[in-house]
Amino acid sequence: MELIITEKDNAARRIADILSGGAADAERKNDVNVYRWGGKRCVGLSGHVVEVDFPPEYNDWRDVEPVELIDADVEKRPSRENIVRTLRTLARKAERVVIATDYDREGELIGKEAYEIVRDVNADVPVDRVRFSSITENEVQSAFADPDEIDFDLAAAGEARQIIDLVWGAALTRFLSLSARQLGDDFISVGRVQSPTLKLLVDREREIRAFEPETYWELFADLAKNGDAFEAQYFYRDEDDNEAERVWDGDRAHSIFETLREFDVATVERVSRRTRTDRPPAPFNTTQFIRAAGSLGYSAQRAMSIAEDLYTAGYVTYPRTDNTVYPEDLDPEELLDAFVDHRTFGEDAESLLDGVPLDPTEGDEETTDHPPIHPTGELPPRTELSEDEWEVYELIVRRFFATVADPATWEHLKVVAGVDGHSLKANGKRLLERGYHAVYPYFNTSENYVPDVDEGDTLSVAAVSLDEKETQPPRRYGQSRLIETMEDLGLGTKATRHDIIQKLYDRGYVEGDPPRPTQLAMAVVEAAEEFADLVVSDEMTAQLEADMSAIASGEATLDDVTEESREMLAEIFENLDAHRDEIGEHLQESLKADKTLGPCPECGENDLLVRRSRRGSYFVGCDGYPDCEYTLPLPSTGKPLILDETCAEHDLRHVKMLAGRGTFVHGCPQCKADEAGEGPVIGSCPECGDEHGGELAIKTLQNGSRLVGCTRYPDCEYSLPLPRRGEIEVTDEVCEEHDLPHLEVHDGDDDPWELGCPICNYREYQERQNDSGTDLESLDGVGSKTADKLGDAGVDSLDDLADADPETVAEQVEGVSADRVREWRDRARDRTRAEA
């Protein structure tokens, strides 16, 4: 029997389908899919099925000093025992094994882990390695026809990263968390790459906070020739003889303004025309793909998750690559020809083929592992992809189209006119040849009209304006810009940078988009800068990255590099231990600041803080507890984020609930609590109306939720959910079945949402959930693909999710944060309790 091992189940399914010609079927072993045809078996792992960790005696944070972890042994143990057990069973019977994991440092390590499991039970079986950059029929067949060997140096580089990140992360995380007395789910996380990345954000935030705006003025005038109007801007020559538009002296700006207003005409002094060639963009590498996807609203993590799904399905090439030069064996004409009859891309593909021979663009980076990201010749049916998947797929297709398209051509026209010694300029541009813009509509092609004039022409002057403005602070890093900066500094790799950013969100270090550091983040960086500068040093991290690359090239060994990193960490701890109390006090103050809303209205002596109950739900409570027991509820959905906006009535900061696409602003918790109460009665309660006279009323709860509920609560708990936002209107239309009025929800200027009869509406909602697939899909934000990913992580039902560890699940489910899993887990627990 020949055993084929892939990195994930969906890759195994795809490869089995290709190699078997569609004849493979699946059987379950230990809840793992095994695909079989003839004498072959194919099984997918779940990424790493073996983890590195410290021996059990180091697990108790309180009994083991963090510094002891620096020199502690590291051992390997199965992280997915059912998969390992299945792999062992299959390997015992195998006469040949083929490792078909992804071809990068991480994939090579995963392949080596599988190799060691196989060797442990079958020492003599031949083991081959196949590599491919897209899971297409041609490339998979070619790879299996020409197998290679495992690159143990490349795998060792990945293993070195695992060990170094474990030792650094565990030792520093435990030290800071214990110092700040912050344990449990809210521990303070530190990482070798995470912390220097966080410092980038903190440094930028410091620049923003320290920024002092300066006032300046800009002047504009409408010029016209024969009624053909255009806007021009005042400018002058600065001391370096450069054109400057900003006037820094207010009196001078007003004087120029009055002069321009006095004159009705301006004289054209200079006209210049030029034509500019606008070259197409280079092929996508990982960083530039993330940047382009970011402009469409996708986070780095989400963009990569979608790209990886498209790769596994065979529609695009491997999305983790530094390469920006297509390989010589890529035939652009052949690839374009695959799109000719496509409904969306066919016309553009034909137009590009009219321009053969094609000359693709090239970027600055050329590597030999994977090509730039581009579509394969296998096209997905539009109905097989979600909206997000299709949008990302189209972006990748059109980027490929752009790289083989003609340059665009722009015509630029600059007109300079004079008014009593003052100069006005207008810059016009017009797109003469669309070139690649015709197939790649993601770049701005807006034109600016300026009429054709000649030197000496007289233009009319009208609508002179003087705008007072202020200089702006530097902008925060967007996720794509942050990844580019990380790349420039050598922080992380193409495969890890987007995960690092997601971890900063998951750990509560950043909020919003673009990411903004929290007070905790500021405190962690400040403590590191003062007492352990290497922790946030990009030079140190970049050096370790270079050392790991040296392992991959055979120039260094795993033991040498990991030992060097332990010595660095030991130096750091010498200073940390000496200042444990100072660091702890500083972190505690910052943690509290991040949770503070404002003064407690009950005792007036303490602040209200966001707190967490033993069940994991959030609420607002007084810092003076137990002397003051004042509390306010918060919504059960999402994780609270305290905003800068403050309630004018209660002097409390507003709260935003982060819940993925369901994120919403809760507002002032006190206002929400004060708004709670019973609204209009809309009909008889179907549960107790006949017997006890109960009625249904529209109710608002203190946590901001709204529902239709029985007036006899708590004796009768009948209720139906209502939307949180918008004004609810009771209409005159009545449901014939339930004798209840139809409801409408008015939210802003949009047309009202016709909710209809609340009972009928809720029934329809339940039916949609029942038809959606697994019970996991009844949770908001869990679609079929996410449910499949959760299933691969061993979470197949609401009961599984209720017992799951969010951190563990998030590590195994790409594109899903621990906070998101925690939210789903809490809802699953509520659901299972209600059904018990």
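# Exercises on helix packing and strand pairing

Strand 12 (residues 265-278) pairs with strand 15 (residues 458-470) in the antiparallel sense, over three bridges. Strands count as paired if DSSP finds at least two bridges between them. Helices (H or I, at least four residues) and strands (E, at least two) are DSSP runs, numbered from the N terminus.

This is a predicted model, in which local features need pLDDT of at least 70, side-chain atom pairs count only at pLDDT 80 or more, and totals for chains, interfaces and linings use all residues. Residues are numbered from 1 along each chain as its sequence is written, and side-chain values use heavy atoms, with hydrogens and water left out.

## Exercise 1: the partners of strand 12

Task: find which residue of strand 15 stands opposite V265, and how many bridges join strand 12 to strand 13.

Solution. Start with strand 15. There, S460 stands opposite V265. Now turn to strand 13 (residues 408-419). Strand 12 and strand 13 run antiparallel and are joined by eleven bridges. One pair serves as a check: T267 has G418 of strand 13 as its bridge partner.

## Exercise 2: helix 6 against helix 13

Task: describe how helix 6 and helix 13 cross, and list the residues in contact.

Solution. Two packed helices are described by the angle between their axes and the distance between the axes. Axes are lines fitted to C-alpha atoms, for helices over the stretch in contact, and angles run from 0 to 180 degrees between N-to-C directions.

Step one: the numbers. Helix 6 (residues 194-210) and helix 13 (residues 479-489) have axes that come within 11 Å and cross at roughly 120 degrees. Step two: the class. That angle makes helix 6 oblique to helix 13. The classes are roughly parallel for angles under 35 degrees, roughly antiparallel over 145, roughly perpendicular from 65 to 115, and oblique for the rest.

Step three: the hand. The crossing of helix 6 with helix 13 is right-handed. A crossing is right-handed if the near helix is turned clockwise from the far one by less than a right angle, and left-handed if anticlockwise.

Step four: the residues. Helix 6 brings T197, L200 and L201, and helix 13 brings L482, T485, M486 and L489. Contact means heavy atoms within 4.5 Å. Sorted by class, five of these residues are nonpolar, two are polar and none is charged. Here Ala, Val, Leu, Ile, Met, Phe, Trp, Tyr, Cys and Pro count as nonpolar, Asp, Glu, Lys and Arg as charged, and the others, Gly among them, as polar.

## Exercise 3: helix 14

Task: describe how helix 13 packs on helix 14, and decide whether helix 14 is enclosed or open.

Solution. Take the packing. Helix 13 and helix 14 (residues 497-506) meet at an angle of about 120 degrees, with axes 10 Å apart. The two helices are therefore oblique to each other. Their crossing is right-handed. Helix 13 contributes Q479, L482, I483, M486 and E487, while helix 14 contributes R497, H498, I500, I501 and Y505. By class, this contact has six nonpolar, two polar and two charged residues.

Now take burial. Buried means under 20% relative accessible area, exposed over 50%, and partly exposed in between (1.4 Å probe, protein chains only). Eight of the ten residues of helix 14 are buried, so helix 14 is largely enclosed by the rest of the structure. Among the buried ones are Q502, L504 and D506. After helix 14 comes G508, with a positive phi near 80 degrees.

## Exercise 4: two residues

Task: for H422 and E137, say whether each is buried or partly exposed, and name what each touches.

Solution. H422 lies in strand 14 (residues 422-433). With a relative accessible area of 19%, H422 is buried. Outside its neighbours within four places in sequence, H422 contacts Y234, I256, T259, L260 and A417.

E137 belongs to helix 4 (residues 137-145). With a relative accessible area of 45%, E137 is partly exposed. Not counting residues up to four places away in sequence, E137 touches I18 and E378. E137 and I18 are 119 residues apart along the chain, yet their C-alpha atoms are separated by 5.8 Å.

## Exercise 5: an open sheet

Task: give the strand order of the open three-stranded sheet, and name its edge strands.

Solution. The order is 29-30-31, with antiparallel pairing. Strand 29 (727-734) and strand 31 (753-756) are the edges, each pairing on one side only. Five bridges join strand 29 to strand 30 (residues 741-746). In strand 30, P741 stands opposite V734.
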